[in-house]
Amino acid sequence: MAGWRDHGSKPGAGGVASHTQDNVDRRERLRQLALETIDLSKDPYFMRNHLGSYECKLCLTLHNNEGNYLAHTQGKRHQQNLARRAAREAKDNPNPQPILAPKKKPTVRKSVKIGRPGYKVTKLKDPDTNQYSLLFEIDYPEIEEGLQPRHRFMSAYEQKIEPVDKNFQYLLIAADPYETVAFKIPNWEIERSVDPDKTKAKFWTEWNKEKKIFKLQLHFKKKDLPPGDTASSNPLPPSSNPLPPQPFSNPLNPNFR
């Protein structure tokens with residue numbers, strides 16, 4: 001009939017969309033949105049068969065295109081199957097192991113070495129306890145900004161520079177851009193007692209940022225030195241009073257990480 005139009009529509013416009021057409025438009029909008037935000041390559045149930053169509057391995061359904069599959073994943077059937085599978089897996093494995101994130105490989109700093117630092121080693125003897133000690137003073141005038149020297153002890157079996165001798169161990173001190181230096185010391189037990197007062201502490205370190213000098217003093221629990229070796233009988237000095245140099249051993253340069 002001429003001039004006939006649906007109730008609510010404007011002249012010159014089409015008729016009001018039916019409920020079915022609204023559903024079709026809504027599904028199309030959801031499909032387009034899903035295609036933009038969902039990566040189907042990460043969906044464990046998405047599969048493309050040899051015919052070029054798509055399958056849902058969870059629901060065993062066939063779909064003509066990716067959009068149709070995405071619309072299916074939002075449907076009631078797919079969601080119910082997901083819930084059933086999750087409940088079954090929780091029942092079969094009541095204590096699931098947490099998935100650990102892959103460990104990041106530590107980055108190795110690379111810097112151009114500028115040689116060995118200056119050092120002096122002083123042998124001392126505590127008159128009160130009759131313990132022998134060593135005072136190391138390492139000079140780092142060109143140390144990198146913000147760094148502080150590090151130290152650790154190495155057994156004779158770790159180093160690859162000298163023949164293995166179980167009677168000795170090595171004290172390694174490192175600070176970029178200088179080469180790592182190692183001091184060969186007797187393999188005696190080292191006392192680790194710490195005290196705020198360095199004149200009483202048995203093991204202490206000090207880093208002077210202004211003078212760029214690193215100091216470390218250690219005490220041995222053993223009371224006797226090897227035959228023919230001697231040590232000063234002076235009392236323990238305060239850290240602010242450097243002692244005259246007295247060489248103890250030659251530095252090495254084993255790998256130090």
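These are my notebook entries on two helices and some strands of a predicted model.

**Entry 1: helix 2**

I began with helix 2, which covers residues 66–73. Which of its residues are buried? I found G67, Y69, L70, H72 and T73. Next I looked up what these buried residues pack against. My list has two helices, helix 1 (19–37) and helix 3 (76–92). It also has strand 1 (46–48), strand 2 (54–56) and strand 3 (61–63).

Then I checked the start of helix 2. There, a side-chain oxygen of N65 comes to within 2.6 Å of the backbone nitrogen of N68.

**Entry 2: helix 1 against helix 2**

I wanted to know how these two helices pack, so I looked up the angle between helix 1 and helix 2: about 100°. Their axes are 9 Å apart. Angles of 65 to 115 degrees count as roughly perpendicular, so helix 1 and helix 2 get that label.

Which residues make the contact? Helix 1 brings R31, A34 and L35, and helix 2 brings E66, G67, N68 and L70. I sorted the residues of this contact by type and got three nonpolar, two polar and two charged. G67 and L70 were already in my notes as buried residues of helix 2.

**Entry 3: the sheet of strands 1, 2 and 3**

I moved on to the strands that helix 2 packs against. Strands 1, 2 and 3 form an open sheet in the order 1-2-3, with antiparallel pairing. Which strands sit at the edges? Strand 1 and strand 3 do, as each pairs on one side only. On average, neighbouring strands here are turned by 30° against each other, ignoring direction.

I zoomed in on one pair. Strand 1 and strand 2 are joined by three bridges, and one residue I traced was M47, whose bridge partner in strand 2 is E55. A reminder to myself: strands of a sheet pair through backbone hydrogen bonds, either parallel or antiparallel.

**Entry 4: strand 5 and its partners**

Is strand 5 (residues 132–139) mostly enclosed or open? Seven of its eight residues are buried, so I noted strand 5 as largely enclosed by the rest of the structure.

I then looked up its pairing. Strand 4 (residues 118–125) runs antiparallel to strand 5, and eight bridges join them. In this pair, V121 stands opposite F136 of strand 5. The two strands form a hairpin with six residues in between. In the turn I found N130, which has a positive phi of about 60°.

Strand 5 also pairs with strand 11 (residues 213–220), again antiparallel, through seven bridges. Here I followed I138 across to its bridge partner in strand 11, F214.

Conventions:
Residues numbered from 1 in each chain as written. Predicted model: local features only at pLDDT ≥ 70, side-chain atom pairs only at ≥ 80, totals over all residues. Heavy atoms only, no water. Buried < 20%, exposed > 50% of the residue type's maximum accessible area, 1.4 Å probe, protein only. Helix = DSSP H or I, 4+ residues; strand = E, 2+ residues; numbered from the N terminus. Contact = heavy atoms within 4.5 Å. Polar contact = N/O pair within 3.5 Å; in protein donor to acceptor, adjacent residues only side chain to side chain. Axes fitted to C-alpha atoms, helices over the stretch in contact; angles between N-to-C directions. Parallel < 35°, antiparallel > 145°, perpendicular 65-115°, else oblique. Nonpolar A, V, L, I, M, F, W, Y, C, P; charged D, E, K, R; others polar. Pairing = 2+ DSSP bridges.
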